Amino acid sequence: MEDRKKIAEVKEDWLSTDYAKFVAKVPERKQPFMLDSGIEIDPLYTPADLDEDWSYLERLGFPGRYPFTRGVYPTMYRGRFWTMRQYAGFGTAEESNQRFKYLLEQGQTGLSVAFDLPTQLGYDSDHDLAIGEVGKVGVAIDSVEDMHVLFDGIPLDKVSTSMTINAPAAILLAMYIVVAEEKGIDRKVLRGTIQNDILKEYVARGTYIFPPRPSMRLIADTIMFCAEEVPKWNPISISGYHIRESGSTAVQEIAFTLGDAIEYVKTVIEKGMDVDKFAARLSFFFASHNNFFEEIAKFRAARRVWAKIMKEKFGAQNPKSMMLRFHTQTAGSTLTAQQPLNNIVRVAIQALAAVIGGTQSLHTNSYDEALSLPTEESVTVALRTQQIIAYESGVADVIDGIGGSYYVEKLTDEIEKRVWEYLDKIEKMGGMVPAIEEGYIQQEITDAAYQYYKAVAEGEKVVVGVNKFVDPNEDLTKFHLHRADPTVREKQIRKLKELRAKRDNQKVRKLLDELKKAAEDENTNLMPYIIEAVRARATLGEITDVLREVFGEYRPPVIF
Amino acid sequence: MRNKVSKKKRLVLTEEEVFRRLIQGDEVGLARALSMIYREEATSSLLSRIYAYNADKKHKSKVIGITGAGGVGKSTLISVLAEALLKKGLRIGIIAVDPSSPKTGGALLGDRIRLQHLFPNPNLFFRSFSSRGMVGGINPFIFDAVAVLEAASFDYIIIETLGIGQDEIDIVHMCDLTALVIAPGLGDDVQFLKSGVIELVDLIVMNKSDLPTASRTVGILNSYTRMVENHPDIIKLSAYKKQGIMELIEYIDNKWQELLDNGSLEKRRMERWKFQVGNWMRYIIGKRIHKFVEKGEVNPKASPYEIAISTLKEWGCEV
Amino acid sequence: MADKVVRVLVGKPGLDGHDRAAKVMARALRDAGFEVIYTGIRQTPAQVAQTAVQEDVDVIVLNNLTGAHLEVFPLVVEELKKRGRDDIYVLATGVIPFEDVEPLKEKGIDEVFGPGTGPIHVINWIKEHVLGEKQGE
């Protein structure tokens with residue numbers, strides 16, 4: 001390679017002559033060019049722009065090897081494409097079951113379940129707070145009976161199932177296990193993921209129930225239970241997606257997600273489990289946003305930082321413990337209601353960044369999601385987008401095809417540096433839990449969100465079709481919207497009544513009492529108790545109520 | 001364009017209706033009375049009726065001030081305190097004051113978020129105010145707001161203010177009893193101790209006392225309070241864990257009764273009244289001064305003191 | 001001057017926990033010079049209504065992103081009515097498809113700001129209808 005110094009000299013010369021002259025004639029569009037993360041973009045990157053001690057072997061290495069910058073597997077997509085996994089689920093379990101079967105027929109390779117808000121918050125459909133919400137943003141699950149319907153005819157020993165469930169994740173996992181066992185499938189072969197990431201709920205997504213400390217205990221219980229009993233299951237998907245969607249920058253997305261992850265690892269280690277016994281099953285979930293290079297660099301930086309954390313901070317020995325495996329969803333907040341077909345293009349660019357960034361699975365948004373739940377047609381286009389990237393674009397044929405781009409390498413380093421700065425600050429505050437309790441994280445995200453809003457409102461940031469290239473004749477009323485069945489709640493209430501009449505209520509009461517006692521003792525793993533309660537047909541709401549009684553409910557600090 | 005007719009007929013209440021509904025404890029009337037006073041509509045006549053009514057009334061509300069720096073858990077404390085009082089079947093009125101933007105006049109009032117889970121509840125009233133319009137010190141409006149809540153016969157009236165400085169001192173004049181909330185390990189503690197508030201409050205509430213660093217902070221606190229005559233008592237509790245709340249209520253009730261029995265309460269309330277007269281005078285003159293200064297011509301050669309004296313004389317003030 | 005203060009309640013009825021839009025709305029309204037009270041997430045219609053009454057607001061800006069608006073927003077109006085304060089303006093924001101606009105208006109929502117609108121549209125509406133009214137008084 002040429003001498004760094006020489007390159008720097010020539011670059012300096014180029015900047016002051018050719019470049020400067022040109023700028024004098026045609027000024028640049030922006031002054032300066034900035035990423036939302038606050039990183040200034042130079043006009044051009046060269047080998048001389050990388051750190052002086054930049055080392056290929058140390059910073060990049062090889063795929064499947066520490067620090068995993070270029071990817072977690074040795075062959076990446078040359079062996080198998082990423083899992084194409086579309087988030088779906090609405091209305092009753094029957095309807096969602098139909099949609100799952102449709103998606104599997106279309107070539108989708110994994111299931112992803114969305115639950116309605118009452119389910120996510122541990123309320124049965126007959127609870128007062130469930131009015132207007134049952135079956136709205138996902139499927140309503142009140143008991144294991146609903147879960148049976150949801151997975152009817154689906155081979156649970158063959159598919160992998162991802163469930164977006166957090167505060168009551170332990171209960172939904174218990175239901176999945178019971179359904180499998182009642183179908184004669186061993187829990188040891190079950191594959192899938194529960195999101196189970198409560199910390200980001202406090203800062204971004206809002207579906208928390210209990211205060212942080214007992215919530216952390218529940219998470220540790222599921223992680224430890226899975227390590228022993230459901231070894232192929234990912235007991236947590238530590239999610240930056242919602243942090244990003246609530247308005248954070250790319251750097252904040254990674255920093256706060258890894259901060260959360262550190263907290264989970266610490267908690268389980270403190271409970272006495274060896275880091276290498278569970279860390280390989282931790283999985284992550286990020287957003288893929290608009291800025292193509294920034295997003296790719298973000299994914300690469302995340303892998304490198306996580307590998308270092310696991311190796312250096314937690315002393316992991318097993319390379320698998322150091323691998324950051326992640327799911328990606330294209331950023332829903334970038335979708336526009338105006339000129340919705342443009343969203344197909346946005347999604348394609350974001351999906352491309354995720355693939356080049358080395359994602360393990362991907363959800364592509366449907367173009368009509370800014371308006372309501374997607375239709376079958378729009379879901380299909382979204383899936384086809386992934387298939388085009390996989391089969392036609394050629395990007396999957398080489399590992400980390402963008403690696404070595406001076407810009408991307410520089411960005412990867414910059415993002416990593418800023419992530420470490422945040423992580424150090426959080427550590428000084430005593431970790432993520434205190435940082436959240438004091439509202440620091442929420443304030444950082446809210447400020448970034450407001451900055452972004454202002455930049456768009458003032459036209460400094462262009463959103464095509466919204467604040468530029470607006471179609472004055474656009475008719476926003478022409479859309480077909482999928483509507484959740486308004487009678488879902490009544491149906492669920494009827495099913496609940498039948499269930500309560502049919503089951504052995506004395507047994508349910510007894511098992512719930514036992515669960516309560518177990519919850520009062522911090523050192524008892526709650527999973528076996530929850531599974532037994534679920535098996536006896538205790539409802540989600542009943543089980544959550546027991547835990548609410550023992551743990552209390554979380555009240556957020558006031559942050560704007 | 002501005003006079004575009006709106007299709008809604010907005011609720012307009014006469015002073016008579018507001019007063020009548022207020023003393024019946026009706027929320028709409030109470031809320032409107034506070035708005036009218038805040039907007040300086042009907043300030044004199046409505047307030048005259050309210051003060052006269054309160055003076056003759058047998059039922060006395062317990063007016064409790066709660067102050068402390070940000071991050072000590074004031075809002076959480078007020079929320080668990082209110083919850084416990086509601087369980088006893090009592091009626092509680094709460095006022096919280098937040099700063100407003102000096103630039104736009106806008107304000108974000110978020111103090112009630114911590115209590116929202118206690119609503120809906122006919123026995124709980126919460127009103128958020130911005131510090132808008134204050135010209136140095138506390139807006140006299142807040143004092144009068146207390147009188148309005150008294151007229152609605154709440155059992156407890158709780159006033160929450162934030163920050164260090166004048167507000168803390170003034171809140172003491174506003175309330176029957178004032179509690180300073182502190183928490184372990186916060187740098188602001190020492191500031192508080194130095195600000196002299198400690199000599200004025202009736203009690204210090206040590207929140208988050210379950211934290212390991214709490215005993216050290218209590219130690220520091222004791223060394224300060226020992227130097228103060230009639231120093232305030234210290235109550236340790238954890239609002240988050242709901243520990244020590246009943247003890248706090250018991251303390252407040254006993255202390256209030258003691259003040260009532262030995263006549264201090266009456267004296268404090270007289271002082272409060274006098275202080276409020278001064279408040280209004282400062283506020284009214286302050287506004288006039290503000291207007292004068294804003295519009296006044298600049299003459300760098302003249303002494304500002306001379307200008308002040310001659311202007312005040314012009315206004316008929318003895319100086 | 002103080003009598004021109006417009007008080008706005010930003011309310012989040014329903015179980016939707018995504019509060020970015022509501023918080024951005026609250027801050028934008030504040031920067032427009034209004035006094036803004038925010039309820040926080042997961043409010044029942046009764047909680048929103050009682051808050052509006054106690055705070056004596058001029059306008060309520062409701063936000064919901066989960067499709068519960070058609071059931072939940074009219075309940076807020078009902079609760080206001082029960083408390084004798086259905087004269088307070090109620091604005092609906094969030095993911096609200098066009099076909100829901102008329103049904104919402106029929107049930108007492110004064111204006112609907114669906115996809116493709118932002119805080120600026122709400123601010124302008126309030127300036128025109130509420131501030132205009134106050135200045136016309």
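This is a short walk through a predicted model, one selection at a time.

**Stop 1: where chain C meets chain A**

Colour the chains separately and bring up the place where chains C and A touch. Here 33 residues of chain C are in contact with 39 residues of chain A. Together the two chains bury about 2900 Å² between them, and carbon and sulfur atoms account for 58% of that. Now select L15(C), R20(C) and R27(C): this trio supplies 27% of the area that chain C buries against chain A, more than any other three residues.

Next, look for charges. Between chain C and chain A there are 2 salt bridges. To see a salt bridge in this part of the model, show the side chains of E71(C) and K136(A), which meet at 3.2 Å, N to O. Which elements of chain C give two or more residues to the side that touches chain A? They are α1 (20–31), α3 (69–82) and α5 (119–136) of chain C. Of these, α1(C) gives the most, with 7 residues. If you like hunting for polar contacts, there are 12 residue pairs to find between chain C and chain A, both partners being at pLDDT 80 or more.

**Stop 2: where chain B meets chain C**

Swing over to chain B and its border with chain C. This time 37 residues of chain B are in contact with 44 residues of chain C. The area buried between them is about 3600 Å², with 46% of it coming from carbon and sulfur atoms. Pick out K8(B), R10(B) and R39(B), since they supply 20% of the area that chain B buries against chain C, more than any other three residues.

Keep R10(B) selected and add D58(C). These two form a salt bridge, with their closest N and O atoms 3.9 Å apart. Across this interface there are 5 salt bridges, along with 24 residue pairs in polar contact, both at pLDDT 80 or more. For the backbone view, switch to cartoon and find α2 (27–38), β3 (107–109) and β4 (124–130) of chain B, the elements that give two or more residues to the side touching chain C.

**Stop 3: salt bridges inside chain A**

Side chains of opposite charge can pair when their charged atoms come close. The whole structure holds 69 salt bridges over all chains, so let's visit a few.

Begin with D400(A) and R300(A), whose closest N and O atoms are 2.9 Å apart in a salt bridge. This pair links distant parts of the chain, 100 residues apart: D400(A) is in the loop between α15 (376–391) and α16 (406–428), and R300(A) is in helix α12 (residues 292–313). Are these two buried or exposed? Both D400(A) and R300(A) are buried.

Now select R503(A) and E542(A), which form a salt bridge at 2.8 Å, N to O. They too join distant parts of the chain, 39 residues apart, with R503(A) in the loop between α19 (488–502) and α20 (505–520) and E542(A) in helix α22 (residues 540–551). R503(A) counts as buried because its relative accessible area is 13%, under the 20% cut-off. E542(A) is buried as well, at 17%.

For a pair within one helix, go to E532(A) and R535(A), a salt bridge with its closest N and O atoms 3.4 Å apart. Being 3 residues apart in helix α21 (residues 527–535) of chain A, they are separated by about one helical turn. E532(A) is partly exposed at 34% relative accessibility, and R535(A) is partly exposed at 29%.

Then try a group selection: D51(A), D53(A), R59(A), R304(A), K308(A), K410(A), D413(A) and E416(A) are joined into one network by salt bridges that share partners.

**Stop 4: a proline in chain A**

Click on P319(A), in helix α13 (residues 319–322) of chain A. P319(A) is partly exposed, with a relative accessible area of 44%. Draw a distance to A307(A), 12 residues away along the chain: the C-alpha atoms are separated by 8.5 Å.

**Stop 5: a nonpolar patch on chain B**

Finish on the surface of chain B. Select I284(B), I285(B), I289(B), F292(B), V293(B) and I307(B), which form a nonpolar patch with about 500 Å² of accessible area together. Which helix gives the largest share of the patch? Helix α10 (residues 264–295) of chain B does, with 5 residues. V293(B) lies in helix α10 and is exposed, with a relative accessible area of 55%.

Definitions and conventions:
Residues are numbered from 1 along each chain as its sequence is written. Chains are lettered from A and ligands numbered from 1 in the order in which they are written. This is a predicted model: local features need pLDDT of at least 70, side-chain atom pairs count only at pLDDT 80 or more; totals for chains, interfaces and linings use all residues. Side-chain values use heavy atoms; hydrogens and water are left out. Patches are made of residues with over 30% relative accessible area and no salt bridge: like charges are joined within 9 Å, nonpolar side chains (Val, Leu, Ile, Met, Phe, Trp, Tyr) within 5 Å. Accessible areas come from the Shrake-Rupley method with a 1.4 Å probe; for residues, only the protein chains shown count as cover. A salt bridge is a side-chain nitrogen of Lys or Arg within 4 Å of a carboxyl oxygen of Asp or Glu. Helices (H or I, at least four residues) and strands (E, at least two) are DSSP runs, numbered from the N terminus. Buried means under 20% relative accessible area, exposed over 50%, partly exposed in between (1.4 Å probe, protein chains only). Contact means heavy atoms within 4.5 Å. Buried area is the accessible area (1.4 Å probe) that two parts lose on being put together, summed over both. A polar contact is a pair of N or O atoms within 3.5 Å; within protein, one must be able to donate a hydrogen and the other to accept it, and residues adjacent in sequence count only if both atoms are side-chain atoms.
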